[in-house]
Amino acid sequence: MYRVMSLEGDGIGSEIMKSAKTLIEYINNNTNIKIECIDAPFGGSAIEKYDTPFPNVTKELLNKVDAVLLSAVGDERYNNRSYTPENALLDLRKELDVYINLRPFKTIEKLSYLTSFKKEVLSNVNFLFFRELSSGAYFGKPRVLKETEAIDTIYYNCDEIERIVRAAFEYCNKNNKLLTSVDKANVLATSKLWRATVDRISNEFPSVEYEHRLVDSCAMDLVMIPSHFDVIVTDNLFGDILSDQSAALLGSLGMMCSASLGSSISLYEPGHGSAPDIAGQGIANPIAMLKSVAMMYEHSFNNKKISEAIDDAIMQTINDDIFTYDLNKNNYFSTKDFITKVIERMNL
């Protein structure tokens, strides 16, 4: 029996978490892998009861679970607070010391009509981001905001760069993939250190082909020739921006899943936000959440079979013309009905 912390968060969070729990319950009933979901307060919804988005009761539970599953955080009612739900998410990642954020991107021909790209551009697109998650611009100090000036600091040390770069090289070495390291070494000191560290670590993996890309040229090639890429490793800020940009290749942020891995407890969450404009309507797309659950089974519970079964069922559902609201506004299923259709196509 594994224990998973369930953080519904804000907006559509409770709706897509219900889909995740429905899927987990089905797997519990049909395999020998059992998961107990333990609900905990987090985000804007926690402020109402605890006056903080990351209460102590949630922090204390972190020591008692095997993984964390998060829906979404963000509530504009609390944007003016000194400690926002988004700040709490950064602190959760820091608390868990999750430093590798994996974001896979594989285009689906059936959904190509949702994008502005030619079909030939979307052909054979299948790449993976290794985004550094625990340092960089989002955590650097000093951070100052005044009426007429502001300061943000980008900070990295060799250890922080080495551990994610080495993980990316190990993955490419195992899977025979091209590694693309993205930086801004022509301008930023941290990027010069990043590039030098990549070159040094590459000596440990002589069979891995790798390249350096400046972030601006990489941004262009991600939409011009996305099939070129296999694995992209980059820092926190660039990884955040480039991976969200890459969601355009999928047609919807509702398709973007992620896994944040650390040395012990890992965090799984969709790449989208809390979507308050559609919250409570029962039309949220649960696919990113379901695919994040799939990544949890693979990376935290070492069960790639279940992970692949979830991904295959989602693909089959879409290929059978079963869509969510964001994928087809004229012919769509509710969030609840969509997960039912996915489970019908599960092959365990």
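A residue counts as buried when its relative accessible area is under 20%, as exposed when that area is over 50%, and as partly exposed in between (1.4 Å probe, protein chains only). The model is predicted, so that local features need pLDDT of at least 70 and side-chain atom pairs count only at pLDDT 80 or more, while totals for chains, interfaces and linings use all residues. Residues are numbered from 1 along each chain as its sequence is written, and side-chain values use heavy atoms, with hydrogens and water left out.

**Exercise 1. Establish how strand S3 is covered and which strands pair with it.**

Helices (H or I, at least four residues) and strands (E, at least two) are DSSP runs, numbered from the N terminus, and two strands pair if DSSP finds at least two bridges between them. Begin with burial: six of the six residues of S3 are buried, and the strand is mostly covered. Next, take S1, which runs parallel to S3 and is joined to it by five bridges; within this pairing, Ser6 has Leu69 of S3 as its bridge partner. Then turn to S12 (residues 266-270), which is parallel to S3 (residues 67-72) and linked to it by three bridges. Leu69 has Tyr268 of S12 as its bridge partner, and Ala67 stands opposite Ser266 in S12.

**Exercise 2. Place these strands in the whole sheet and find the helices that lie across it.**

The sheet is open and mixed in its pairing, with 10 strands in the order S2-S1-S3-S12-S11-S4-S5-S10-S8-S9. Its edges are S2 (35-39) and S9 (210-214), each of which pairs on one side only. Neighbouring strands are turned by 25° against each other on average, direction ignored, where axes are lines fitted to C-alpha atoms (for helices over the stretch in contact) and angles run from 0 to 180 degrees between N-to-C directions. For the helices, contact means heavy atoms within 4.5 Å. Helix H1 (residues 13-30) lies across S1, S2, S3 and S12, running at about 140° to S3, whereas H6 (residues 158-175) lies across S4, S5, S8, S9 and S10, at about 160° to S5.

**Exercise 3. Describe the two faces of strand S10 and its partners.**

In a regular strand the side chains alternate between the two faces of the sheet. In S10, Val231 and Val233 on one side and Ile232 and Thr234 on the other are all buried, so that both faces are covered. S5 pairs with S10 in the parallel sense over four bridges, with Phe130 opposite Val233. S8 also pairs with S10 in the parallel sense over four bridges, and there Val182 stands opposite Thr234.

**Exercise 4. Determine which side of helix H7 is buried and what it packs against.**

The buried residues of H7 are Thr190, Ser191, Trp194, Thr197, Val198, Ile201 and Ser202. They lie on the same side of H7 because they cover an arc of only 135° around the axis, the arc being that of the directions from the helix axis to the C-beta atoms. Finally, these buried residues pack against S5, H6, S8, S9, S10 and H9 (236-250).

**Exercise 5. Characterise the surroundings of Asn101.**

Asn101 is found in strand S4 and is buried, with a relative accessible area of 1%. Leaving aside neighbours within four places in sequence, its contacts include Phe129, Arg131 and Ser258. The side chains of Asn101 and Ser260 are joined by a polar contact of 3.0 Å, that is, a pair of N or O atoms within 3.5 Å, of which, within protein, one must be able to donate a hydrogen and the other to accept it, while residues adjacent in sequence count only if both atoms are side-chain atoms.
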